[in-house]
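Subject: Structure for you to look at

Dear colleague,

Please find below the sequence and the structure that I promised to pass on. My notes on what was found follow directly after.

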2 protein chains.
Amino acid sequence: MNQTVEIICIGNELLIGKTLNTNAQWLTRRVTTLGLTTRRVTVVGDDINEISSAVKEAIQRRPRFILTTGGLGPTFDDKTLEGLAEALGRSMEVNEEALKMVKEKYLSYAREGRMEAAELTPHRVKMAKLPEGAAPLRNPVGTAPAVSIEHENVIVIALPGVPSEMKSIFDESVASVLKKAAGNVTFFETGIEATKVIESEMAPLIEKVMHSNPHVYIKSHPKGAERVSRIEFHLSTTAKDSGTARRQVSKALVQLRELIQEKGGKIKPIKSET
Amino acid sequence: MNQTVEIICIGNELLIGKTLNTNAQWLTRRVTTLGLTTRRVTVVGDDINEISSAVKEAIQRRPRFILTTGGLGPTFDDKTLEGLAEALGRSMEVNEEALKMVKEKYLSYAREGRMEAAELTPHRVKMAKLPEGAAPLRNPVGTAPAVSIEHENVIVIALPGVPSEMKSIFDESVASVLKKAAGNVTFFETGIEATKVIESEMAPLIEKVMHSNPHVYIKSHPKGAERVSRIEFHLSTTAKDSGTARRQVSKALVQLRELIQEKGGKIKPIKSET
């Protein structure tokens, strides 16, 4: 089964360093824990051609899912859906279901007294203009609906860039779809930190442990420079159930600890960053 | 003059959500303030084919520079230079200058008493194996040198993934090269925050201001949901000198403030995130 995901983050603010791409980390983390694999993250600006190219290239790599973030709002530079339509060779049309979602949002804003009128201006209707054949996904905390569309067996899901909106739509409408595609697969990881060893000394030992534990991936992360001799080791695996995953990782961890200690290294646990 | 940059970040930790990609933000910020434009950021895993594909695709888009981060260390999963060699159709060879850099690092570590021996093991020599025709760049704080190589008029610079190493090499050896390519160009930006207006009401006004200020780019960022009515506006431009840049942005800012206030919005300055 194809269980790969590509993520495309759209927004000039990401290309000028204004905004730290926390959406990519959040999404890759969720994709991983749901049992799927993110193959690539691409960041492009608010430009129809750039968005369209990125989507077309991703489709050619045949992932099961493409998740995009950003560019769904009412302003001129919200171009994700136009870029998507161009990539898929589809026209843009007002989607009645999406229009109803947008309309109800503005009626509720008007009722709350935050706006004078709730009329559907062209900029508001814009948020309901979707590529032909797309379905809107409810936005529990913002105005613009997210969008889901299947094309040549690739499911493209366009999410907003505002983190609170992106996360709530993902949890409400996307996670279950990904989980179903992943099937019964569990991701497990753990880590240790070693001091008094340097990375180049550890390199052949990591290879040895990985060789005898072919399902476990081990990565070393020097923290600071080699000069300070602090290395984090992350061990991870994907397995059919969590018991198997934990056993596989634990076995590799025991071997790695022994080899580090033989080299005179000191070991301590690390806290998960998440 | 071609002043575009692509950034390729390499590392499985970025694709499983273990690590937040602060390197991409730092580099895009520096590229922007140096007067160049980042067109795309791509994140791929520690896989020779993925790295090679990402580099080849980037070269086809003809940027002036490709900056990569990650994958230069001594372990099996540090595959950036092999991926780069494959993309450029070059062989890998031990670079004498790079070997000297690596050797001196280990001699200094041994002198500091942090290692028993400074001999050049295969994993250490690995860090001096570069694509044919590449030049090493000194790493002031770590072991693996960075690498610079020109190919079909594209300059590819491979930087380490450890942020302190990446930044110090950039500042020592890369910034001046980028600055020279940018020529006499300045980037300037500022922002304001507005409350009591909603984004869809502001959309036509932003277009109006951008239309009468064609060199200024304005982007609105709703913070939280539309429900809370807080929007940041970022105005930026690139010009031949900082006086011109500031004047262009200020003129657009005055117009935008007036339009927001006409709509009943309240304005306050925002602090820069950097």
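Which residue is the bridge partner of B:E6 in β3(B)? In this model, which is a predicted one, the partner is B:I66, and the pair belongs to the 5 bridges over which β1(B) and strand β3 (residues 65-69) of chain B run side by side in the parallel sense. Strand β1 (residues 4-10) of chain B has a second parallel connection, to β2(B), made by 7 bridges, where B:C9 stands opposite B:V43. The strand is mostly covered, with 6 of its 7 residues buried.

The pairing of β2(B) goes on across the chain boundary, since strand β2 (residues 37-44) of chain A is joined to β2(B) by 5 bridges, here in the antiparallel sense. One of the facing pairs is A:V43 with B:V41.

As to how the two chains are related, chain B is superposed on chain A by a rotation of 180° with 0.0 Å of shift along its axis, at an RMSD of 0.0 Å, and that is the relation of a two-fold axis. The C-alpha of chain B nearest this axis is that of B:T42, at 2.3 Å. Both copies use the same surface, for 100% of the contact residues of chain B recur in chain A.

The contact itself takes 53 residues from chain B and 54 residues from chain A. On the side of chain B that touches chain A, the elements giving two or more residues include α1 (12-15), β2 (37-44), α7 (163-182) and β10 (217-222) of chain B, while the largest share, 7 residues, comes from α2(B). Sorted by class, that side of chain B has 19 nonpolar, 21 polar and 13 charged residues.

Turning to the interior, the largest nonpolar core has 106 residues, and those with the most contacts inside it are A:I8, A:L84 and A:A158 together with B:I8, B:L84 and B:A158. If neighbours within four places in sequence are left aside, A:L84 is in contact with A:I51, A:V55, A:P131, A:V156 and A:A158.

There is also an open sheet of 4 strands in chain A, with the order β10-β11-β9-β12 and antiparallel pairing. Because β10 (217-222) and β12 (266-269) of chain A stand at its edges with a single partner strand each, one side of each is left without a neighbour in the sheet. Neighbouring strands of this sheet are turned by 25° against each other on average, direction ignored. The partner of β10(A) is strand β11 (residues 230-239) of chain A, and the two pair in the antiparallel sense over 6 bridges, with A:I218 having A:L235 as its bridge partner.

Finally, two residues deserve a look for their backbone angles. A:K196, which is not a glycine, has a positive phi near 70°; its place is in the loop between β9 (186-195) and α8 (199-212) of chain A, and A:K196 is partly exposed, with 14 other C-beta atoms within 10 Å. B:E152, likewise not a glycine, has a positive phi of about 45° and lies in the loop between β7 (146-151) and β8 (154-159) of chain B, where B:E152 is exposed, with 8 other C-beta atoms within 10 Å.

With best regards

Terms used. Residues are numbered from 1 along each chain as its sequence is written. Chains are lettered from A and ligands numbered from 1 in the order in which they are written. This is a predicted model: local features need pLDDT of at least 70, side-chain atom pairs count only at pLDDT 80 or more; totals for chains, interfaces and linings use all residues. Copies are superposed by least squares on the C-alpha atoms of residues with pLDDT of at least 70 in both. Two residues are in contact if their C-beta atoms, placed from the backbone, lie within 7 Å. Two strands pair if DSSP finds at least two bridges between them. Axes are lines fitted to C-alpha atoms, for helices over the stretch in contact, and angles run from 0 to 180 degrees between N-to-C directions. A residue is buried if 20 or more other C-beta atoms lie within 10 Å of its own, exposed if 12 or fewer, and partly exposed in between; C-beta atoms are placed from the backbone. Ala, Val, Leu, Ile, Met, Phe, Trp, Tyr, Cys and Pro count as nonpolar, Asp, Glu, Lys and Arg as charged, and the others, Gly among them, as polar. A nonpolar core is a set of buried Ala, Val, Leu, Ile, Met, Phe, Trp, Tyr and Cys residues joined through C-beta atoms within 7 Å.
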